[in-house]
Amino acid sequence: MKTTAPTAFRISPLLLALLLAAAGAHAQLSSPLPAGSGKPAAGKAAPAAPDGLALPAGQGAGVHGANSPYAPLAPRADVVPWSVLTDVKTKNEKNRILPVFNEGQLGMNGKTQRIQGFMMPLEPGKKQRHFLLSSVPLTCSFCLPGGPESMVEVKTRTPVEYSTEVVVVEGRLQVLHDDSYGLYYRINDAVTVK
């Protein structure tokens with residue numbers, strides 16, 4: 001007889017792959033930084049790259065590629081700016097990299113917030129109830145757009161149709177101090193807004 005894990009413990013293979021890649025010390029950014037601007041993590045040397053170019057370390061807000069077919073996010077007064085979310089320090093603790101949030105980020109915890117970004121689906125199909133929202137669009141199926149500070153896990157009330165266009169969600173923001181998947185933020189009970 002075949003048994004399955006309870007729904008609460010099932011992990012999407014795509015989510016697991018994305019998060020494992022994000023946890024790697026040198027994940028590839030979706031929209032690579034201009035030559036010479038990649039910065040290694042504190043205390044680590046950047047891996048060798050062809051022609052002496054530094055490779056991005058998969059951390060930071062991500063960079064919107066100049067050749068991207070998608071327009072960058074337009075500033076909006078009614079959403080939390082990504083610059084606020086990505087201004088996170090980190091600390092090494094027991095072989096883990098953990099976020100150190102500032103007072104502004106901690107003050108948003110448990111409160112309703114709006115965030116705009118690009119959808120990274122975690123489930124198959126046109127409708128999504130669980131996805132990542134990123135500060136920059138994906139330009140490569142196997143690359144991350146930035147570090148964990150540049151993504152928000154979103155769990156919606158009702159399914160949302162997948163879109164490659166900018167999406168704005170509103171819901172209760174959680175600031176995650178030690179998430180088992182390495183995420184820094186989650187929005188629960190989210191709805192899309194115009």
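A residue is termed buried under 20% relative accessible area, exposed over 50%, and partly exposed in between. By this scale Glu 170, at 25% relative accessibility, counts as partly exposed. The legends below describe close-up views of a predicted model.

**Figure 1. Overall composition of the predicted chain.** Three helices and seven strands make up the secondary structure. Followed along the sequence, these elements give the pattern α-α-β-β-α-β-β-β-β-β. The chain has 194 residues, of which 38% are buried. Of the contacts between residues at least 6 apart in sequence, 66% join residues at least 24 apart. The exposed surface of the chain comes to about 11,200 Å², with 56% of it supplied by carbon and sulfur atoms.

**Figure 2. A closed barrel of five strands.** The strands follow the order S3-S4-S5-S7-S6 around the barrel, and their pairing is mixed. From one strand to the next, the twist averages 50°. Strands of a sheet pair through backbone hydrogen bonds, in either a parallel or an antiparallel sense. Strand S4 (residues 127-134) pairs with strand S5 (residues 151-161) in the antiparallel sense, over seven bridges. Leu 133 has Val 152 in S5 as its bridge partner.

**Figure 3. A network of salt bridges linking Arg 76, Asp 78, Arg 114 and Glu 170.** Side chains of opposite charge can pair when their charged atoms come close. The whole structure contains nine salt bridges. Arg 76 and Asp 78 meet through their side chains at 2.7 Å, N to O. Arg 76 is partly exposed at a relative accessible area of 28%, and Asp 78 is likewise partly exposed at 35%. Asp 78 also forms a salt bridge with Arg 114, in which the closest N and O atoms are 2.9 Å apart. Because Asp 78 lies in the loop between H1 and H2 and Arg 114 in strand S3 (residues 112-121), this pair ties together parts 36 residues apart in sequence. Arg 114 is partly exposed, with a relative accessible area of 25%. The side chain of Arg 114 meets that of Glu 170 in a further salt bridge (2.7 Å, N to O). Arg 114 lies in strand S3 and Glu 170 in strand S6, so the pair ties together parts that are 56 residues apart in sequence.

**Figure 4. Surroundings of Val 193 in strand S7.** Strand S7 spans residues 185-193. Leaving aside residues up to four places away in sequence, Val 193 touches Arg 114, Val 168 and Glu 170. The C-alpha atoms of Val 193 and Val 167 are separated by 7.9 Å, although the two residues are 26 apart along the chain.

**Figure 5. The aromatic cluster of Phe 101, Tyr 184 and Tyr 185.** Two aromatic pairs are found in the whole structure. The rings of Phe 101 and Tyr 184 are edge-to-face, because their planes stand at 85°; their centres are 6.1 Å apart. This pair links distant parts of the chain, 83 residues apart: Phe 101 is in the loop between strand S2 (96-100) and helix H3 (103-108), and Tyr 184 is in the loop between strand S6 (167-175) and S7. Phe 101 is buried at 10% relative accessibility, and Tyr 184 is buried at 5%.

**Figure 6. Ala 71, an exposed loop residue.** Ala 71 is located in the loop between helix H1 (13-23) and helix H2 (82-85). Its relative accessibility is 55%, so Ala 71 counts as exposed. Ala 71 touches His 64 and Phe 118, not counting residues up to four places away in sequence. Val 166 lies 95 residues from Ala 71 in sequence and 8.8 Å from Ala 71 in space, C-alpha to C-alpha.

Notes:
Residues numbered from 1 in each chain as written. Predicted model: local features only at pLDDT ≥ 70, side-chain atom pairs only at ≥ 80, totals over all residues. Heavy atoms only, no water. Helix = DSSP H or I, 4+ residues; strand = E, 2+ residues; numbered from the N terminus. Contact = heavy atoms within 4.5 Å. Pairing = 2+ DSSP bridges. Axes fitted to C-alpha atoms, helices over the stretch in contact; angles between N-to-C directions. Phe/Tyr/Trp six-rings, centres within 6.5 Å; stacked < 30°, edge-to-face > 60°. Buried < 20%, exposed > 50% of the residue type's maximum accessible area, 1.4 Å probe, protein only. Areas by Shrake-Rupley, 256 points an atom, 1.4 Å probe, with all protein chains shown as cover. Salt bridge = Lys/Arg side-chain N within 4 Å of Asp/Glu carboxyl O.
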